[in-house]
Amino acid sequence: MDIGVIARRYAKALLKYAIEEHAEDLVYKEVLHFIDSYENCKQVADLLGNPIAETAKKERVLCAAASENVSPVFRNFVRLVLQNHRETYMLFICHSYVTLYRELKRICIGRLTTAVPVSTEVSERLEKWMEEKSAPYTDVIMESHTDPNLLGGFIFEIDDRRIDASIASQFEKIKKQFIEKNKRIV
């Protein structure tokens with residue numbers, strides 16, 4: 001079975017359960033914390049991929065990765081995942097939950113990556129522009145990152161759209177054009 005299908009089904013079930021228990025916001029925070037813990041702590045991924053590890057230990061680690069005082073909704077969901085031997089899909093399930101939650105709450109995330117930090121004025125103007133252009137969304141969150149490898153310019157991502165105006169990508173385009181043109185000469 002496809003990982004995406006499994007992850008989406010479990011994420012839908014978790015969201016439905018969390019809504020019934022009026023805990024979808026708390027579970028959202030726990031899921032984000034779990035994703036962060038999973039990506040920054042190799043031991044969590046190793047334990048989930050270990051078929052010999054005890055289920056009780058996996059449950060403790062999964063819950064601890066989500067929060068110090070994990071909600072009963074998340075704990076019960078972890079038990080369901082472990083009972084069905086789907087713990088290796090937990091990261092994908094959590095990412096799917098984040099997507100479903102943001103769709104439900106109409107949250108839009110914009111990411112700006114620049115070579116140097118931008119001023120607060122530029123960031124505020126961009127966030128205001130995002131709010132105007134993202135009509136179906138009620139909440140707009142702006143994230144800013146710096147990446148010196150861009151050399152200059154910016155990369156702006158919102159939903160599934162991406163504007164790449166970085167110097168590094170321009171150099172890459174020129175390089176490809178140069179190689180393509182020189183292939184014909186040789």
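Among the elements of the protein chain, helix α7 (residues 120-133) has the lowest mean pLDDT, 79, and α5 the highest, 95; pLDDT is the predictor's confidence in each residue, from 0 to 100. The chain as a whole averages 88, and 96% of its residues score at least 70. Where pLDDT is low, the predicted coordinates should not be read in detail. Helices (H or I, at least four residues) and strands (E, at least two) are DSSP runs, numbered from the N terminus.

This is a predicted model, in which local features need pLDDT of at least 70 and side-chain atom pairs count only at pLDDT 80 or more, while totals for chains, interfaces and linings use all residues. Residues are numbered from 1 along each chain as its sequence is written, and side-chain values use heavy atoms, with hydrogens and water left out.

Let me turn to α5. The expected span of a helix is 1.5 Å times one less than its number of residues. For the 12 residues of α5 that gives 16 Å, and the end C-alpha atoms are 16 Å apart, which agrees. Its buried residues are V73, F74, F77, V78, V81 and L82; buried means under 20% relative accessible area, exposed over 50%, and partly exposed in between, with a 1.4 Å probe and protein chains only. Because these residues cover an arc of only 165° around the axis, they lie on the same side of α5, the arc being that of the directions from the helix axis to the C-beta atoms. The face turned away from this buried side carries the exposed residues P72 and Q83. The buried residues of α5 pack against α1, α2, α4 and α6, where contact means heavy atoms within 4.5 Å. After α5 comes H85, whose phi is positive, near 55°.

One residue of α4 deserves a remark, namely E59. With a relative accessibility of 16%, E59 counts as buried. Leaving aside residues up to four places away in sequence, E59 touches R75, V78, R79 and L82.

Next, helix α2, residues 24-40. Its 17 residues should span 24 Å at 1.5 Å a residue, and its end C-alpha atoms are indeed 24 Å apart. Buried in α2 are E24, V27, Y28, E30, V31, F34, I35, S37 and Y38. Their cover includes α1 (3-20), α3 (42-48), α4 (55-66), α5 (72-83) and α6 (90-105).

Which residues touch the most other members of the largest nonpolar core? Of its 38 residues, they are V27, V31, F34, F74, M90, I93 and Y97. A nonpolar core is a set of buried Ala, Val, Leu, Ile, Met, Phe, Trp, Tyr and Cys residues joined through side-chain atoms within 4.5 Å. At least two residues of this core come from each of α1, α2, α3, α4, α5, α6 and β1, and α6 gives the most, with eight. Apart from this core lies another, of eight residues, among them C108, M130, M142 and F156. As for V31, its contacts beyond four places in sequence are L14, F74, C94, Y97 and V98.

Finally, the strands. Seven of the eight residues of β1 (residues 107-114) are buried. β1 pairs with β2 (residues 139-146) in the parallel sense over eight bridges, and I107 has D139 of β2 as its bridge partner. With β3 (residues 154-158), β1 pairs in the antiparallel sense over five bridges; there, L112 is bridged to F156. Two strands pair if DSSP finds at least two bridges between them.
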